[in-house]
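Please open the model in a viewer and keep the selection panel at hand. The tour proceeds by selections, each followed by a description of what is found there.

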Amino acid sequence: MNIIIVDGQGGQLGAQLVKEITARFQNISLTAIGTNAVAAAAMLKAGAKNAASGENPVVVACRKADVIIGPIGIVIADSLLGEVTEKMALAISRADAVRILIPMNKCENLIAGVPDLNTGALIADAISKLDSIIRMKST
């Protein structure tokens with residue numbers, strides 16, 4: 001199972017995801033990709049063994065991903081204060097992977113029908129969805 005985490009800005013959401021996923025799942029390949037070097041460094045510090053930053057790593061990693069996880073802005077060009085390029089958003093959107101998009105109501109992208117949950121609750125739900133995907137693929 002090849003899991004990609006994409007995050008930007010300070011990488012705090014990605015870092016929390018890395019900690020949760022590496023603590024819970026053993027037989028996976030996890031790659032952390034920051035839209036910038038600061039985000040990638042935060043995910044490395046959180047325990048990611050593989051990390052990169054920038055547009056091309058997003059595009060290349062999406063070709064081999066089984067699951068892509070990140071804030072919903074990773075599929076919206078110019079989101080995360082402009083860090084997500086059109087190529088990044090398209091690569092993630094077109095990837096032959098399951099996407100677990102975390103509904104962060106920030107950066108002028110508001111998701112209707114989604115209550116304002118704290119980050120911990122959003123991450124717990126993302127991990128639960130990932131667990132279901134891994135169980136389904138391993139049977």
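The stops below cover the cores, two helix pairs and several individual residues. The model is a predicted one.

**The largest nonpolar core**

Begin by selecting L17, V18, I21, I69, I102 and L130. Within the largest nonpolar core, which has 25 residues, these touch the most other members. Next, colour the elements that give two or more residues to this core: β1 (2–7), α1 (12–24), β2 (29–34), β4 (67–71), β5 (98–102) and α6 (119–137). The greatest contribution comes from α6, with seven residues. In soluble globular proteins, nonpolar side chains tend to be buried together.

Now centre the view on V18. Which residues is V18 in contact with, leaving aside its neighbours within four places in sequence? They are I5, L30, A32, M43, A46, G47 and A48. A further selection of I74, L80, M88 and A89 shows part of a second core, which is separate and has 18 residues.

**Helices α1 and α6**

Display α1 together with α6. Their axes come within 10 Å and cross at roughly 45 degrees. Because the angle between them is neither under 35 degrees nor in the range of 65 to 115, α1 is oblique to α6. The crossing of α1 past α6 is right-handed.

To see the contact itself, show the side chains of L13, Q16, L17, E20, I21 and R24 in α1, which meet T119, I123, A126, I127, L130 and D131 in α6. By type, the residues of this contact comprise seven nonpolar, two polar and three charged. L17, I21 and L130 appear here again, having been listed among the core residues that touch the most other members.

**Helices α3 and α5**

Turn next to helix α3 (residues 55–64) and helix α5 (residues 86–94). Here the axes come within 9 Å and cross at roughly 15 degrees. Angles under 35 degrees count as roughly parallel, and α3 and α5 are therefore roughly parallel to each other. In this pair, α3 passes α5 in a left-handed crossing.

Select E55, V58, V59 and C62 of α3, then K87, M88, A91 and I92 of α5; these residues make the contact. Six of the contact residues are nonpolar, none is polar and two are charged. M88 has already been seen in the second core.

**Two residues with positive phi**

Move to Q9, in the loop between β1 and α1. Phi of Q9 is near 50 degrees, a positive value in a residue other than glycine. Is Q9 buried, partly exposed or exposed? Its relative accessibility is 30%, so Q9 counts as partly exposed.

Then select D78, which is placed in the loop between β4 and α4 (79–82). Phi of D78 is also positive, near 75 degrees, and D78 too is a residue other than glycine. With a relative accessible area of 58%, D78 is exposed.

**A strand residue and a helix residue**

Select T31 in strand β2. T31 counts as buried, at 18% relative accessibility, because buried means under 20%. Not counting residues up to four places away in sequence, T31 touches N2, I3, I4, I5 and N50.

Finish at K45, in helix α2 (residues 37–45). K45 is exposed, with a relative accessible area of 78%. For a last check in the viewer, draw a distance between the C-alpha atoms of K45 and N56: these residues are eleven apart along the chain, and the separation is 22 Å.

Methods: Residues numbered from 1 in each chain as written. Predicted model: local features only at pLDDT ≥ 70, side-chain atom pairs only at ≥ 80, totals over all residues. Heavy atoms only, no water. Core = buried A, V, L, I, M, F, W, Y, C linked by side-chain atoms within 4.5 Å. Buried < 20%, exposed > 50% of the residue type's maximum accessible area, 1.4 Å probe, protein only. Helix = DSSP H or I, 4+ residues; strand = E, 2+ residues; numbered from the N terminus. Contact = heavy atoms within 4.5 Å. Axes fitted to C-alpha atoms, helices over the stretch in contact; angles between N-to-C directions. Parallel < 35°, antiparallel > 145°, perpendicular 65-115°, else oblique. Left-handed = near helix turned anticlockwise from the far one by under 90°. Nonpolar A, V, L, I, M, F, W, Y, C, P; charged D, E, K, R; others polar.
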